[in-house]
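Student: I've just opened this one and don't know my way around yet. Can we go through it together?

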Amino acid sequence: MPQWPSLQLPAAAAAAAAARRATPFALCRSSSSSVSASASNQDLVACSWQKEDEAEAQSLVVVGGGAAGVYASIRAKSLAPHLNVLVFDKGRFLSKVKISGGGRCNVTNGHHLEPLGMARNYPRGHKELRGSFFKNHGPQDTMRWFSDHGVELKTEDDGRVFPVTDNSASIAGKAVTGASVTENGKFVVKVEKRTVDFVDHVNAKYVLVATGSSQQGYSIAAQFGHSIIAPVPSLFTFKITDKRLADLSGVTFPIVKAKLKLDGIKRSAPELTQIGPMLVTHWGLSGPVVLRLSAWGARELHQYNYQAKLTVDFIPDIHIEDVKRILFLHKDHHASLDGDMHWASIPNNNLNTVALRLKQWMFEVVAKGQFKDEFVTAGGVPLSEISLSTMESKKQPNLFFAGEVLNVDGVTGGFNFQNAWTGGYIAGTSIGTLASSNMRQQQPYLQLDGS
């Protein structure tokens, strides 16, 4: 297997900075005007459009400078050094990488290294991803890549993998607003900068759409005949207006068992019951348990306007009869329950109620919490319309997709980034291999022309 570019980076470099500095591509446009180029080592090449036909024959436009787009660019360039790679992003490069995990860069998850186990963490995609997807490039490969490029990683108890430190990414400001194909199969990509009156067109042999949940990517996919599964929020908190929670704001319960029930859903899905930490907030409930439930129930919650019932077991490791026994045994060893009643004088029926409340506390979910930039969406281009072995469109040759633009989303804990790394790696491998093959086929003709 061809080696990735070798770079010398500080051991404490952040994930975002490492990906940025290691990226062997330039940001450029056609020869009609100039744009700033991003290059960070001597192996990088500046884009030149003086030989327009040659450049178009071996050029890749990546729409989206997130995890999938940047990772794919590095991989494609490492396999095809002659490939001109242009990455366009209307905002910050690697912005979600920077803010994930509360700003600490949750790179991947280290507790699910086996592909089948990894796939189980994707509410949309768990069936399709059980095959070769993560075998091509799994969490171990991602962690090895970052470590090889000077980013020291650590795995926390819950499996989330973080760099020891994090850093910011570079900035760009151009958006791809359209694309078409010429009669000879070349792409014509429309580029705009909305802060000024700027429109340009870039010709390319390959296009990779890695725009996350942006409407930009859905529009491009639709232009080439792809259907779009309507996107809805995933990974959000629950708004609960329960006065009993008011005094508990900020309290974290290390382990609870929570079950989500929707009035219109009769089936009992095992994924709608989750165990783990839960946080009480000033607007309701949050934490890994709630976020996982929101992911698995994203479609149904959206359908029923985020109205649901949540049953919480605050002591899942203790059976309710044991809870009652413990309460009865210790009730005479405690001081007053409130200002008027002593614990020892509480009737046994009331203790049964307390035990039941600890094991089955019912909350009414009235809305979803604030939708943050770091959270993901369910929906996008159906996986049935691409080849997961290459990430190439089944509708348009040389058009590729990776990341959240597809109908794939994972639960919290680094799984969404692993989808981006894996999809980007496969797409970059496919494009780099095609470009290298095309270059080898063209070399005899180029030699004849120069003789």
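Tutor: Sure, and keep in mind that this is a predicted model. Let's start with a charge and a ring: the charged end of Arg357 sits over the ring of Trp361.

Student: How far is the charged end of Arg357 from the centre of the Trp361 ring?

Tutor: For a charge to count as over a ring, the CZ of Arg has to be within 6 Å of the ring centre. Arg357 and Trp361 meet that, with a distance of 5.3 Å.

Student: On to the sheet. Which strands stand at its edges?

Tutor: It's an open sheet of 7 strands with antiparallel pairing, in the order β16-β15-β12-β13-β14-β11-β17. Each edge strand has a single partner, so one of its sides has no neighbour in the sheet. The strands at the edges are β16 (361-365) and β17 (367-368).

Student: Which residue in β14 stands opposite Phe238?

Tutor: Strands β11 (residues 238-239) and β14 (residues 284-286) pair in the antiparallel sense over 2 bridges. Across from Phe238, you'll find Leu285.

Student: At about what angle does helix α9 run to β13?

Tutor: Helix α9 (residues 288-296) lies across β11, β12, β13, β14 and β15. Another helix, α12 (residues 348-359), packs on the sheet too, touching β15 and β16. As for α9 and β13, the angle is about 125°.

Student: How many of the residues in α9 are buried?

Tutor: The helix has plenty of cover: what lies over its buried residues includes β11, β12, β13, β14, α10 and β15. Among the buried ones are Val289, Leu293 and Trp296. Out of 9 residues in α9, the buried count is 8.

Student: Now the aromatics. How many residues apart in sequence are Tyr122 and Phe415?

Tutor: The structure holds 14 aromatic pairs. In the pair of Tyr122 and Phe415, the rings are edge-to-face, 6.2 Å centre to centre with 85° between the planes. Tyr122 lies in the loop between α5 and α6 and Phe415 in helix α13, so the pair ties together parts whose separation in sequence is 293 residues.

Student: Why is the pair of Phe146 and Trp421 called edge-to-face?

Tutor: Planes over 60 degrees apart count as edge-to-face. The ring centres of Phe146 and Trp421 are 5.4 Å apart and their planes stand at 70°, so the pair is edge-to-face.

Student: Which residues join Phe146 and Trp421 in one aromatic cluster?

Tutor: Phe146 is in helix α7 and Trp421 in helix α13, 275 residues apart. Phe146 counts as buried at 0% relative accessibility, and Trp421 does at 2%. The others in their cluster are Tyr71, Trp145 and Phe417.

Notes. Residues numbered from 1 in each chain as written. Predicted model: local features only at pLDDT ≥ 70, side-chain atom pairs only at ≥ 80, totals over all residues. Heavy atoms only, no water. Pairing = 2+ DSSP bridges. Helix = DSSP H or I, 4+ residues; strand = E, 2+ residues; numbered from the N terminus. Contact = heavy atoms within 4.5 Å. Axes fitted to C-alpha atoms, helices over the stretch in contact; angles between N-to-C directions. Buried < 20%, exposed > 50% of the residue type's maximum accessible area, 1.4 Å probe, protein only. Phe/Tyr/Trp six-rings, centres within 6.5 Å; stacked < 30°, edge-to-face > 60°. Lys NZ or Arg CZ within 6 Å of the ring centre and 35° of its normal.
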